[in-house]
Amino acid sequence: MPNFYPNIYNQYPQMQAQQPQMIQDGGFVPVPNEQVARNYPVGFGKSVTFKDENSPYIYTKTMGFSQLDTPTFEKYKLVKETPSEGSNLPDKGDFDANVIISSIEKIKGEIGQIWAEIDAIKKEEAEGV
Amino acid sequence: MNPNDLMSMYQQMCNNPMQVLSRRFNIPQNVDMSNPNNILQYLLNSGQVSQEQVNRAMQMRNHPMIKALMNR
């Protein structure tokens, strides 16, 4: 049976042009589970990020620049933040009750002084009339 | 290409698709062809396909039309 593939296909193809030696991100790839991500084919110097379709995890698989390098596999768990957790309020442990109470007393004192000044101004205006 | 050659190609693909694939991409004998990931890894290592092409091909497997074809 004749071979329909000319010799040009049997020759070893020219390698792609030299690219900078840096990890390139292939973008999110959906996978059904971690094992599929671990077995996913990744080229030298490439990094692929996976989104688990059935579990709250993100995986990354990064290949080195030679067959001697062991691929690096990382697993990240997605944790949902509640609205209160996402606020800028400090943790409860950062609050000192005594500091808060003394601050409130100080503010009360300042308010009292302001009212006294207002009363004095009113009295001066009434006497001036 | 005449119709007879075309039919012959089609028969080759039907009878032994792995042989046609290994000849087309010059895949050596020591690559375990039973696992598609091994084939893709070889094609990546030899520079015959890019990572983006692999990603697109892998995601095509989830397309409903492709799934319907595979289940025939």
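Lys75(A) is partly exposed, with a relative accessible area of 43%. In this predicted model, Lys75(A) makes a handy place to start, and a salt bridge leads us onward from there. Glu34(A) is the partner, and the closest N and O atoms of the two are 3.0 Å apart. Glu34(A) sits in helix 2 of chain A while Lys75(A) belongs to strand 4 of chain A, so this pair ties together parts that are 41 residues apart in sequence.

Glu34(A) has another partner too. Arg38(A) forms a salt bridge with Glu34(A), and here the closest N and O atoms are 2.9 Å apart. Why are Arg38(A) and Glu34(A) separated by about one helical turn? Because they are four residues apart in helix 2 of chain A, which covers residues 34-38. As a general point, an α-helix has 3.6 residues a turn, so residues three or four places apart point the same way. Arg38(A) itself is partly exposed, at 39% relative accessibility. Put the pieces together and you have a network of salt bridges linking Glu34(A), Arg38(A) and Lys75(A). Over all chains, the count of salt bridges comes to two.

Now let's follow strand 4 of chain A to its neighbour. Strand 4 covers residues 72-77 and runs antiparallel to strand 3 of chain A, with six bridges joining them. Our friend Lys75(A) turns up again here, as the bridge partner of Tyr59(A).

Strand 3 of chain A also pairs with strand 2 (residues 46-52), again in the antiparallel sense, over five bridges. Strands 2 and 3 of chain A form a hairpin, and four residues lie between them. If you'd like to trace this pairing by eye, look for Lys51(A) opposite Ile58(A), and for Ser47(A) opposite Thr62(A).

How enclosed are these strands? Five of the six residues of strand 3 of chain A are buried, so the rest of the structure largely encloses it. Strand 2 of chain A is largely enclosed as well, since six of its seven residues are buried. For a single residue to zoom in on, try Thr60(A), which lies in strand 3 (residues 57-62) of chain A. Is Thr60(A) buried or exposed? With 12% relative accessibility, Thr60(A) counts as buried, because the cut-off for buried is under 20%. Setting aside neighbours within four places in sequence, the residues in contact with Thr60(A) are Val48(A), Thr49(A), Thr72(A), Phe73(A), Glu74(A) and Tyr76(A).

Time to step back and take in chain A as a whole. Three helices and four strands make up its secondary structure, and along the sequence they follow the pattern α-β-α-β-β-β-α. Of the 129 residues in chain A, 19% are buried. Take the contacts in chain A between residues at least 6 apart in sequence: 16% of those join residues at least 24 apart. The accessible surface of chain A is about 10,300 Å², and 56% of that belongs to carbon and sulfur atoms.

One stretch of the chain A surface deserves a look. Ile107(A), Ile111(A), Ile114(A), Trp115(A) and Ile118(A) make a nonpolar surface patch of about 470 Å². Trp115(A) lies in helix 3 of chain A, which spans residues 97-128. Trp115(A) is exposed, with 52% relative accessible area.

That brings us to chain B. There are five helices here and zero strands, so to speak an α-α-α-α-α run from the N terminus on. Buried residues account for 31% of the 72 residues in chain B. Among chain B contacts between residues at least 6 apart in sequence, 0% join residues at least 24 apart. Chain B exposes about 5,100 Å², with 56% supplied by carbon and sulfur atoms.

Let's finish with helix 3 of chain B. Seven of the ten residues in this helix (residues 36-45) are buried, so the rest of the structure largely encloses it. Which residues of helix 3 of chain B are buried? They are Asn37(B), Ile39(B), Leu40(B), Gln41(B), Tyr42(B), Leu43(B) and Leu44(B). These buried residues pack against helix 2 (17-25) and helix 4 (51-60) of chain B. The N-terminal end of helix 3 of chain B is capped by Asn35(B), which has a side-chain oxygen 3.0 Å from the backbone nitrogen of Asn37(B). After helix 3 of chain B comes Gly47(B), with a positive phi near 75°.

How values were computed:
Residues are numbered from 1 along each chain as its sequence is written. Chains are lettered from A and ligands numbered from 1 in the order in which they are written. This is a predicted model: local features need pLDDT of at least 70, side-chain atom pairs count only at pLDDT 80 or more; totals for chains, interfaces and linings use all residues. Side-chain values use heavy atoms; hydrogens and water are left out. Buried means under 20% relative accessible area, exposed over 50%, partly exposed in between (1.4 Å probe, protein chains only). Helices (H or I, at least four residues) and strands (E, at least two) are DSSP runs, numbered from the N terminus. Contact means heavy atoms within 4.5 Å. A polar contact is a pair of N or O atoms within 3.5 Å; within protein, one must be able to donate a hydrogen and the other to accept it, and residues adjacent in sequence count only if both atoms are side-chain atoms. Accessible areas come from the Shrake-Rupley method with a 1.4 Å probe; for residues, only the protein chains shown count as cover. Patches are made of residues with over 30% relative accessible area and no salt bridge: like charges are joined within 9 Å, nonpolar side chains (Val, Leu, Ile, Met, Phe, Trp, Tyr) within 5 Å. A salt bridge is a side-chain nitrogen of Lys or Arg within 4 Å of a carboxyl oxygen of Asp or Glu. Two strands pair if DSSP finds at least two bridges between them.
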